[in-house]
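Thanks for coming, everyone. I'll keep this quick. Have a look at the picture first, then we'll walk through it.

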Amino acid sequence: MVKAEKVWKSFGKLDVLKGIDFVVYPRQTFVLLGPSGGGKSTLLRCINHLEIIDAGRLWVDGELMGYREKGSALHEMKPRDVSRQRAKIGMVFQRFNLFPHMTAIENVMEAPVRVKGVDRRVAEAEAELLLTQVGLQEKLDVYPAQLSGGQQQRVAIARALAMKPKLMLFDEPTSALDPEVVSEVLDVMKRLAREGTTMVVVTHEIGFAKEVADGVALMDGGVIVEHGPPNEVLVNPKEERTKAFLSKVLA
Amino acid sequence: MSKGPQPGIDSQNVGGSSSRPEAIKAIPIRHWGRWIAAAAIIFLAFALTYSFVRNPHVEWPIIWHYLFKGLILRGVLVTLELTFLAMAIGAVGGTLLAVMRLSKNPVLASVSWVYIWFFRGTPVYVQILLWGNFAILYPRLFLGLPFVNVVFASADSNRVIGVFVAALLALGLNEAAYAAELVRAGIISVERGQAEAAASLGMSPGLTMRRIILPQAMRVIIPPMGNETISMLKTTSLVAVIAALDLMTRVTNLYSQNFKIFPLLLVACIWYMFFTTLLTIGQRYLEAYFGKGFGEKEAASAEKRAMKRLERKTGVDPGVF
């Protein structure tokens, strides 16, 4: 579903990603761990072309992201085509980024109605169902400012799911939450993983990774330091940097 | 570290005391200075008003005579038309210019920059005169193909751009330059994450601007735009210089005939102040509308919105259940 090949990204002189390779197959959950500044979030943002990579290739669902290959030349895609590609990829942000001028249900309906042209009534019914599934059936008509962080993040997940994405990206979805509401968001994510949603998750929640990840990778200094199934990487890490990171996170 | 008694609460008071203690009744501070200042100001205000009202040169009967006269009222109408149409041109033009200015397209960004540079760089008074004397520059306007002498239609400049249109163009195009900066500030004030969230949902840049960024920017734009409208109401008085038949034109025409300068200027003041007051009230409602999602009353009205949605969905008033 996602394939990265020698992905390289720099901000000015700073190399943030230095040749990342990985593959995520459909229905898998791939968890990116690692210290802050290691490039995890940047990699995630490159997947849906919010950041543009400087070298390498990124494919989602068999399509090269942001470019069209004609012969040996790469052509930049038009904004409209990039939007079409992004519509297939859901993204959940650390700071929720809900639209504050729309109620919960309006947030969820917006993209299906405006981007896909789904009939309002159909979109409304679907949005109601999605918000019910994340436990917010009582909060449909409430503006984001009246919701707790955990509730906002669950609306954000429902909003992303409303586009029926083939891939879901989670960028530290619980890092901005109060400790007591982290589990309500993780529970929703675990359910999605078990239902077979293809997911790439950047997180510090080792427990989540152990429970549902099909593969984990530890990123530091712009490279993947170690990767493999969670019960190997997280239980018997081979690399010193992985051990150091895990001992800090689990301390 | 000193070892005192154990911190915490008296064991008898665990769980709070059972009854509320007596409310505090303190004697408030006396602000003698304020009382003295207020008295002095009231006296001065009274003295000023008295001398003004009793001044024979104010000529109250003349003010009353002209305040609701047809001639003046027609001028008031023109002033209002100019204000609102110029603000409409300003708001639409300003939004376009702001979006152009923030665009990645260097051509659009430069065009916007030059426009703002020109219209903010010259006084609006001069711009009014320029538009009013447009016919000196181009006596006739042609619609056709340039350089090959094919003309579909042509007209006298003075007939196409009459005084009203000249005044409107001058005020509207000038306002667009100022409004552009307000709108730009509003757009910049919206968090970057909003555009990213919209992009990640597959929304195009244009749709994102229209549905996500501008509605939020409005909250920031409305207060200064209200201010601009109030300012525009009074700026329209400058078009008297090209005799655009607004309130000020009528007043100046009248007093140059009958020399009742002060009463007629007061008539103008009364009308300008009246509409400024109305605009101030209108602005409050607009702010409330575009502040949705940010106010404090929102929580209470969630139920009302839920009812409305249910009503739309089922076509039945849920109140009957």
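Let's start at a loop. A:Lys164 sits between helix 5 (149–161) and strand 9 (167–171) of chain A. Keep in mind that this is a predicted model. The phi angle of A:Lys164 is near 50°, a positive value in a residue other than glycine. Is A:Lys164 buried or exposed? Exposed, because its relative accessibility is 55% and the cut-off is over 50%.

Chain B has a residue to put beside that. B:Ala243 has phi near 55°, again positive and again not a glycine. Look for B:Ala243 in the loop between helix 10 and helix 11 (247–258) of chain B. B:Ala243 has a relative accessible area of 39%, so it counts as partly exposed.

Now the interface. How many residues does each chain bring to the contact? Chain B gives 31 and chain A gives 34. Together the two chains bury about 2,800 Å². Of that area, 55% is on carbon and sulfur atoms.

Next, the charges. There are 4 salt bridges between chain B and chain A. One of them joins B:Arg309 to A:Asp141. The closest N and O atoms of that pair are 2.7 Å apart. Polar contacts across the interface come to 8 residue pairs, with both residues at pLDDT 80 or more.

Which elements of chain B give two or more residues to the side that touches chain A? They are helix 9 (192–200), helix 10 (205–235) and helix 13 (298–314). By class, that side of chain B has 13 nonpolar, 8 polar and 10 charged residues.

Stay with B:Arg309 for a moment. A:Glu124 touches B:Arg309 and B:Lys313 on the other chain. On its own chain, A:Glu124 touches A:Ile105 and A:Met109, leaving aside residues up to four places away in sequence. A:Glu124 lies in helix 4 (residues 120–133) of chain A. Why do we call A:Glu124 buried? Because its relative accessibility is 7%, and buried means under 20%.

Another piece of chain A to look at is helix 2, residues 79–86. Its buried residues are A:Asp81, A:Val82, A:Ser83, A:Gln85 and A:Arg86. What covers them? From chain A, the cover includes strand 5 (63–64), strand 6 (67–70) and strand 8 (89–92). From chain B, it includes helix 9 and helix 10.

On to the aromatics. Over all chains, the structure holds 12 aromatic pairs. Take B:Phe68 and B:Trp271. They are edge-to-face, 5.9 Å centre to centre, with 85° between the planes. These two come from distant parts of the chain, 203 residues apart. B:Phe68 is in the loop between helix 2 (60–67) and helix 3 (70–102) of chain B. B:Trp271 is in helix 12, residues 261–290. The two rings differ in burial. B:Phe68 counts as exposed because its relative accessibility is 52%. B:Trp271 is at 11%, so it counts as buried.

B:Trp271 has a second partner. B:Trp271 and B:Phe275 are stacked, 5.9 Å centre to centre, with 20° between the planes. Both lie in helix 12 of chain B, 4 residues apart, about one turn of the helix. An α-helix has 3.6 residues a turn, so residues three or four places apart point the same way. B:Phe275 is also buried, at 15%. Put the ring pairs together and you get a cluster: B:Phe68, B:Trp271, B:Phe274 and B:Phe275.

Two last stops in chain A. A:Thr242 is in helix 9, residues 240–250. Its relative accessible area is 1%, so A:Thr242 is buried. Which side chain makes a polar contact with A:Thr242? That of A:Glu226, at 2.7 Å. Other residues that A:Thr242 touches include A:Leu218, A:Val225, A:Val233 and A:Pro237.

The final stop is A:Glu205, in the loop between strand 10 (199–202) and helix 7 (206–212) of chain A. A:Glu205 is partly exposed, because its relative accessibility is 26%. It touches A:Thr174, A:Val182 and A:Leu186, not counting residues up to four places away in sequence. Its C-alpha atom is 9.0 Å from that of A:Glu172, which is 33 residues away along the chain.

That's the tour. Over to you.

Conventions
Residues are numbered from 1 along each chain as its sequence is written. Chains are lettered from A and ligands numbered from 1 in the order in which they are written. This is a predicted model: local features need pLDDT of at least 70, side-chain atom pairs count only at pLDDT 80 or more; totals for chains, interfaces and linings use all residues. Side-chain values use heavy atoms; hydrogens and water are left out. Contact means heavy atoms within 4.5 Å. Buried area is the accessible area (1.4 Å probe) that two parts lose on being put together, summed over both. A salt bridge is a side-chain nitrogen of Lys or Arg within 4 Å of a carboxyl oxygen of Asp or Glu. A polar contact is a pair of N or O atoms within 3.5 Å; within protein, one must be able to donate a hydrogen and the other to accept it, and residues adjacent in sequence count only if both atoms are side-chain atoms. Ala, Val, Leu, Ile, Met, Phe, Trp, Tyr, Cys and Pro count as nonpolar, Asp, Glu, Lys and Arg as charged, and the others, Gly among them, as polar. Rings of Phe, Tyr and Trp (its six-membered ring) pair if their centres lie within 6.5 Å; planes under 30 degrees apart count as stacked, over 60 as edge-to-face and the rest as tilted. Buried means under 20% relative accessible area, exposed over 50%, partly exposed in between (1.4 Å probe, protein chains only).
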